[in-house]
Structure formats: C-alpha cells, structure tokens
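Ready to get to know a new structure by working through it? Grab a pencil and keep the 3D view open.

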Amino acid sequence: MSPMLYYALPALGGYILLSIFFLRRPRLLHPACAPAFCARLAAHRGGSGERLESTLEAMENSLAQRADLLELDCQLTRDGVVVVSHDQNLSRQSGLNRDVGSLDFEDLPLYKEELEVYFSPGRFAHGADRCMVRLEDVFQRFPQTPMSVEVKAENEELVHKIAGLVQRFGRSDITIWASEKSSVMKMCKAANPEMPRAFTMGRGLRLLLLYYLGLLPFVPIPERFFMCFLPSIINRTYFPFSCSGLNQLVAVVLKWAIMRKSLIRHLKERGVQVRPWATPLAAWTPCARHWGRASHLLGLGLSSHKMSRIVSYTRLVLRKGFMMMMMVMIATY
C-alpha cells in the first residue's frame, strides 16, 4: 500500500464521519432560524386548478380551502403597473398575441373563459372572475397572507416596484422572493434584502452538489425556501420532454437525487422550508404507496393548484391513519 494512503484514508474517513455527524446535528454549527411563518399548503398561481389562474376569485377559493401561501408571478405593464400574470405574452391566457409590457393596465384583455390546468393536460379551469389583477390589489385584499412572488425576467424596474409595494404594505417578512435565475435573484436581494428568498435553479443544483460531496453542513444557507417539482408527477401529469422514456429517466434520477430524508431533515433543522410542487390529480388513487408518499410530503408542506382535492385527500390520509392506529390498539389489547 502506498504510504500516502496511510494518511489519505484516515483523513477521508474522518471527513465522512464529521460530515454525517453535522448533517444530522446542524445546529451545532449554525444557529436555529425561526421562520416568520410556516406554510403547509401553497396555491400554485393563486389556485389555478379550480378557478382561472391568478385571479382574486382563485385566491379567495384557495384560502377558503385552507391554503396558507399564495404563489404568484408578476409582470410589468407599459404604464408601470405590477400585475399578477404567469406569462409575459398574453396569447395562452387571453388569445391576444401581445406582451403585457406593450399594453397599459386598462387595456389588458380578459382571461379566456377556460384555461388548461398546468400539470393536468386535458383539464380546464373556469371562473366568473376573468380580470387580471394588480399586485397592489392582492396585498390590500389579503394583508396577512404569506405570498411567494416570482420574477421571471431581468427587469430591474419590476423588481424595484415589487419591493416598494412590499415595503409600503409592511409585509417583508411574509413575502418570498422567487426566481429561476440567479441574476434576477441578485436584483431582488438588493431591492429588499429583508424578504426571505427561495432557491434559484442554479443555487438548487449547487445545494445538491454540496450535499453529495458532504460539504453542505459546513456551508451557510441564506435561502429560506426550497421549491422543486415532485419527481413522481413527471411522465404522469407533467411532460417536460416529448420522449416518454426520457421523462421516465428524469423522474427516476430526480427522485433519487432530491427526495432524500437526510437532506430534507437537514434543511428543516436549518430553517429552510421544503415545498415540493405536486398535483393531487396524480396522487388521487386509493393506493397505500400514494398514501404514504402524500402523508410524508404533507408533513413537509405541499404546493398545488387544486386546493379542495388536497384538503379532502388530507382528511382521507388522517382518517386512514386513525383507523390503522385503532386496529393496532385493539390487536395489542
């Protein structure tokens, strides 16, 4: 054996043991961070599975179904109004092939009478409210409701206007900055550093790399929310690629890489709330495998677009768990 191995192997073994030790006990290195709020059920696009997405009607319906976090996307109109809209181009939502930024707020069209539900191909949402809404109106209507505000484009004016509205309504602690792009998140942090931030795609990949290298326990984590797709919905209700085999491969790889109990437990211990994006339509099946997965994820918190299905499903899980507990008690007795 090479003399170098006599030193390298014990050092590697010590590093692995230290990494595992602090992965399970992160508070020995990092102080506990108490969140301003704990969201168990988030409404994707305001609750787009039961009402038209991003409308006040959808948000009110979601909160009536006990959602405690609204996930919103924002765009900026030509006259500088921040509106809640997932798409910059209005073609899918209204049929008008124009960008939000090319129109004044008063000229924005109505939503279509029905919109296909994201993650649920072939299913459509309807609603009486078809008006696009200002972010300011949402803050006024739901002043105490936590929200996630996603910025998709590198628009510094949009970022500063959102930050100004958040400060004006005094809700910096209950409004989350979200974006897929790290460059946009830098703008968001500079505009209002008091708002909690979610992981960008790049930061999320970096997190996974640090976890598998064993370095995560020793690295600071400024983000407070980790939001990702639930891998099991890929190739079921979400098809990112045209090839079914590729979708299945991605689902398996992501499930293996992301859904690690030790990773999720470590993040929770460090004050990071894990929110997998799910669709109850994919899990709505009387199968113990789905019951177990849903109950586990509900312990973490879920983000979905169909609120009533999630609430009913939660009740089903709890009722099933209660019945099993009673059967065990009777058998023991």
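Below are four exercises, each with a worked solution.

A quick note before you start: this is a predicted model, where local features need pLDDT of at least 70, side-chain atom pairs count only at pLDDT 80 or more, and totals for chains, interfaces and linings use all residues. Residues are numbered from 1 along each chain as its sequence is written, and side-chain values use heavy atoms, leaving out hydrogens and water.

**Exercise 1.** Work out how the span of helix α1 compares with the expected one, and where its buried residues sit.

*Solution.*
- Step 1: helices (H or I, at least four residues) and strands (E, at least two) are DSSP runs, numbered from the N terminus.
- Step 2: α1 covers residues 3-24, and its 22 residues reach 33 Å from the first C-alpha to the last. That's close to the 32 Å expected at 1.5 Å a residue, with the expected span being 1.5 Å times one less than the number of residues.
- Step 3: look for buried residues (under 20% relative accessible area; exposed is over 50%, partly exposed in between; 1.4 Å probe, protein chains only). In α1 these are S19, F22 and L23. They cover an arc of only 100 degrees around the axis, so they are on the same side of α1; the arc is that of the directions from the helix axis to the C-beta atoms.
- Step 4: turn to the other side of α1, and you'll find Y6, P10, L17 and R24 exposed.
- Step 5: the buried residues of α1 pack against α7 (201-213) and α9.

**Exercise 2.** Find the buried residues of helix α9 and say how they are arranged.

*Solution.*
- Step 1: in α9 (residues 261-269), L263, I264, H266 and L267 are buried.
- Step 2: down the axis of α9, these buried residues fall within an arc of 160 degrees, so they line one face of the helix.
- Step 3: after α9 comes G271, with a positive phi near 85 degrees.

**Exercise 3.** Is S148 buried or exposed, and what does it touch?

*Solution.*
- Step 1: find S148 in strand β6 (residues 147-150).
- Step 2: S148 counts as buried because its relative accessibility is 2%.
- Step 3: skipping residues up to four places away in sequence, the contacts of S148 (heavy atoms within 4.5 Å) include L69, E71, I176 and M227.

**Exercise 4.** How far apart are V219 and H30 in sequence and in space?

*Solution.*
- Step 1: V219 lies in the loop between α7 and β8 (225-229).
- Step 2: V219 and H30 are 189 residues apart in sequence, yet 9.3 Å apart in space, C-alpha to C-alpha.
- Step 3: leaving aside neighbours within four places in sequence, V219 is in contact with H30, R206, L210 and R270.
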